[in-house]
Amino acid sequence: MTASLKLQNITQKFGNFTAIDNISLDIDAGEFIVLLGPSGCGKSTLLSIIGGFLTPSSGTVLIDDKDMTLVQPSIRPTTTMFQDYALFPHMTLRDNVAFGLRMRSMGRADRATKALEFLDMVGLKASATSKPHELSGGQRQRVALARALAVNPDLLLLDEPLGALDMRLRRQMQDELKAIQKDIGTTFIHVTHDQEEAMAIADRIVVMNTGVIEDFGKPTDIYMKPRSQFAAGFMGEVNFIPGQLIAEQDDEYDVETAFGVLRLSSRAFTAGTPNVGDKTILCIRPEQFHLTADDTSKQFLCKAEIVDGAFFGTHFRCQLKTANAPDLLLIAHLSQSTSLRAGDNMDLHINPQDLIALPTDPLSS
Amino acid sequence: MRRKFSSILSWGYFIAIYTFIFLPVVVLVLFSFQDGNLPIPPFNGFTLKWYVEVFADEKLTAALINSLSVAFFSSTVACLLGFLAAYGLARYRLPATAFQRVLLTAPLTVSYLIIALGLLVLFNWIGVRLSLWTVGIGHVVINLPLCFAIIYASMGDHQKNIERAARDLGANSLQVMVLVTAPMLMPSIMAAFFLSLTFSWDEFIIAFLLSRFDVTLPVEIWSLLRSGLTPKTNAIGSVVFLMSAVLLVLLEIFVFRGRSKHDG
């Protein structure tokens, strides 16, 4: 089963501290949503509110358009997969998976059959009579997933479920989670602080910071067209170039920066179009710098000198100094085949279409 | 040379300390097999006749059964109440939690004699006749703090999340407690249970002051002793010791198994 989720003006206060500040969110049935943010941003608190473990200070939780704000976790159509798995240590895997069905008064034989089906789905049917302490971390993870899905929830809530796994296992579990989610169609809401994980699995990502939603959208949009400086910076390395809007004409905007006047289209202003004279911040990803203008879409930006560089496997990461903006250290990811050393000079080119212009963030400026 | 010396010294210490602890028990057990009427050296020869006499003595066997019943009953009640108190204090927000914890464990510091006297006065006052039940109640009073302390110490936050998961999957509060919390804490509950059993099994002062016609084994042994030492008292003493040893081994097994499981 699957259901939509609507959060309306959710606020959660702990004493004087506001953990969630007036959040509203609309999630469609069958989506794989990732709540992404640094620790302390309120993402786990929000998940607890959706799961019913916390009653928000104000606001409404609607699941399938029914008000669930005050409904106990035991009768909500949600189940949670906990970070520490929270398996029942004294029960076999089969009894662990069958527990929710037992609570729903399903007969012994039926729930054993059903539990084996779900253990089979996660590839652990052969270990049905083992106890959790006999399993590895990844296997426990799978049992927790099977147990949460066995009761056929409308919403599965995953609280940093892959946090304790090593890198390779994490990648593998991400693929499996995504495949299982597509297969059964249940709405998944997954909490993580790992932006790569978010991009790997999410249909849509909710970027959170200090209790508010900074950005919400498809991984490509959040990476390529972030709507806040925080979202841009959290999704990966980014260069922020301060500028000022000096002219507007026919859907084209001139922004004056240390690198001269750059002409942007209105699409670059993802957080709304500013007025002429406003300050703005231009964002460009390190991989969007080019050494040559190999086609007409690219234009010369400036001359730069390498301060430092390191080989990262997929790219060369260079720190660059420019004469135009001596205080600004640019980060560029250049192709693996470039052989450059500290002190070398180069021409930097950009495609103006890659630029995003954001309002200046009062916190980070 | 020096190494050899220190090795001899540590072996000497090892032997001395275990002799000190166990010599009385060894002597007790040895002279329970004494072929003669006095449980004192010299050892005349080996016989089982004192054990035969112990188990032929109706008063002694009745007292043995009384002791077992009181021990099982009082330990079960003490464990149950201790578990409920620990669960309540660890899982719910209650007023003055720290103070209640102190209050629950305080009887550990009061001597059994005082507890027995207090209960004796109380039972007289409210008109409860002394019986094995009153002994059992006395043993619950002394073992409850112990059970509470052991079980409370084993309740951690990790289990809290597991209980959350059970609730999330549809269990109500009672189901969480019975199907998840209690089985999860079973090693420490069993440890508390067996420790209570040994304490109740050996206990004399409360059993002496709070019983009347039916008595427990330590009280019966005490009245036996008043008519003088015979190898029979050694034999019944050895039975008591054996029982305690068995309980201790069971305790060790449960605690040990519990630990290894948590590590895994």
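How many Å separate the centres of domain 1 of chain A and domain 2 of chain A? Taken over C-alpha atoms, the distance is 38 Å. Keep in mind during the tour that this is a predicted model.

**Stop 1: the two domains of chain A.** Select 5-233 of chain A for domain 1, then 237-359 for domain 2; these bounds come from the domain assignment. Now look at where they touch. Domain 1 of chain A gives 7 residues to the contact, and domain 2 of chain A gives 8. On the domain 1 side, colour by class: 2 residues are nonpolar, 3 polar and 2 charged.

**Stop 2: chain A against chain B.** Show both chains. Here 18 residues of chain A meet 19 residues of chain B. On chain A, pick strand 6 (78-81) and helix 2 (93-103); each supplies at least two residues of the side that touches chain B. Helix 2 of chain A has the largest share, with 3 residues. The classes on this side of chain A are 9 nonpolar, 7 polar and 2 charged.

**Stop 3: helix 7 of chain B.** Select residues 157-168 of chain B. Put a distance between the end C-alpha atoms: they are 16 Å apart. That agrees with the expected span, because 12 residues at 1.5 Å a residue should cover 16 Å.

Next, show the side chains of Ile162(B), Glu163(B), Ala165(B), Ala166(B), Arg167(B) and Asp168(B), the buried residues of this helix. What covers them? The cover includes helix 1 (43-51), strand 6 and helix 2 of chain A, along with helix 8 (173-184) of chain B. So strand 6 and helix 2 of chain A, seen at the previous stop, return here.

Finish at Gly170(B), just after helix 7 of chain B, where phi is positive, about 110 degrees.

Key:
Residues are numbered from 1 along each chain as its sequence is written. Chains are lettered from A and ligands numbered from 1 in the order in which they are written. This is a predicted model: local features need pLDDT of at least 70, side-chain atom pairs count only at pLDDT 80 or more; totals for chains, interfaces and linings use all residues. Domain bounds come from an automatic or database domain assignment. Two residues are in contact if their C-beta atoms, placed from the backbone, lie within 7 Å. Ala, Val, Leu, Ile, Met, Phe, Trp, Tyr, Cys and Pro count as nonpolar, Asp, Glu, Lys and Arg as charged, and the others, Gly among them, as polar. Helices (H or I, at least four residues) and strands (E, at least two) are DSSP runs, numbered from the N terminus. The expected span of a helix is 1.5 Å times one less than its number of residues. A residue is buried if 20 or more other C-beta atoms lie within 10 Å of its own, exposed if 12 or fewer, and partly exposed in between; C-beta atoms are placed from the backbone.
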